[in-house]
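Biologist: I would like to go through the charged side chains of this model with you, one question at a time.

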Amino acid sequence: VLLYQRPTEKRRKHDLLIPLGFFPPAPKWSFPAGSRRWGQLSDVWSACVEMPQIKGLMDTHADLTLDRPIPRYQMIVDPNQFVRQTARGPVWVPCEFDIDSEGHAQIVGGSRCHKYPALAEKVATPILEAALPLLAKLRRPQLLLDRRRLQIVFKAQRIILPPKVHEDDEPEYIGMWHVDG
């Protein structure tokens, strides 16, 4: 960040300082259709992107692994199954992607990039490319994305939500750190 400004009295409850200029500037990649920012002061962005080819690949892989540690929860690609031992214990091994100036990602490392390299290339790459324009909008922290090599932990899971019992119910799954529903 190059330059800060003190906020007006009205904005002081939200920001101590307002960044005026960023270095380097964030890339201006096209958003997926339907992208949205969750509030003017929020640094949370989302988009729904249809990727039907990925669902079939993931379903096939899930049928092979049958990794269901608890009911209603299926690990499709579990990073705990692809770890490196260190002095501090096991650590997840990330995939590495080269990101070009246009926001395209290419997985690197060939057969050593992941325990399931073909799956990582066909699934993680298009998901990362769809996410890059949204990640480029983050300011806290601002990520350096274009013309970089990124490390990404590839994880996929399926959470089966219980059906609604009443009309007003919202199905949910309460995980260790989150709620899905």
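Biologist: Is Asp146 buried, partly exposed or exposed?

Modeller: In this predicted model, the side chain of Asp146 meets that of Arg147 in a salt bridge, at 3.3 Å from N to O. Arg147 counts as exposed because its relative accessibility is 60%. The relative accessible area of Asp146 is 16%, and buried means under 20%, so Asp146 is buried.

Biologist: How many residues apart in sequence are the parts that Asp98 and Arg149 tie together?

Modeller: Asp98 forms a salt bridge with Arg149, with 2.7 Å between the closest N and O atoms. Asp98 lies in strand β9 (residues 95-99) and Arg149 in strand β11 (residues 148-152), so the parts tied together are 51 residues apart. As for accessibility, Asp98 is partly exposed at 29%, and Arg149 is partly exposed at 48%.The sequence separation asked for is therefore 51 residues.

Biologist: Which residues are linked with Asp59 in a network of salt bridges?

Modeller: One pair to start from is Arg158 and Asp59, whose closest N and O atoms are 2.4 Å apart. This pair links distant parts of the chain, with Arg158 in strand β12 (residues 156-159) and Asp59 in helix α1 (residues 52-65), 99 residues apart. Arg158 counts as partly exposed at 27% relative accessibility, and Asp59 is partly exposed at 22%. The residues linked with Asp59 in the network are Lys55 and Arg158.

Biologist: Over the ring of which residue does the charged end of Arg36 sit?

Modeller: The charged end of Arg36 lies 3.3 Å from the centre of a ring. The residue that carries this ring is Trp38.

Definitions and conventions. Residues are numbered from 1 along each chain as its sequence is written. This is a predicted model: local features need pLDDT of at least 70, side-chain atom pairs count only at pLDDT 80 or more; totals for chains, interfaces and linings use all residues. Side-chain values use heavy atoms; hydrogens and water are left out. A charge sits over a ring if NZ of Lys or CZ of Arg is within 6 Å of the ring centre and within 35 degrees of the ring normal. A salt bridge is a side-chain nitrogen of Lys or Arg within 4 Å of a carboxyl oxygen of Asp or Glu. Helices (H or I, at least four residues) and strands (E, at least two) are DSSP runs, numbered from the N terminus. Buried means under 20% relative accessible area, exposed over 50%, partly exposed in between (1.4 Å probe, protein chains only).
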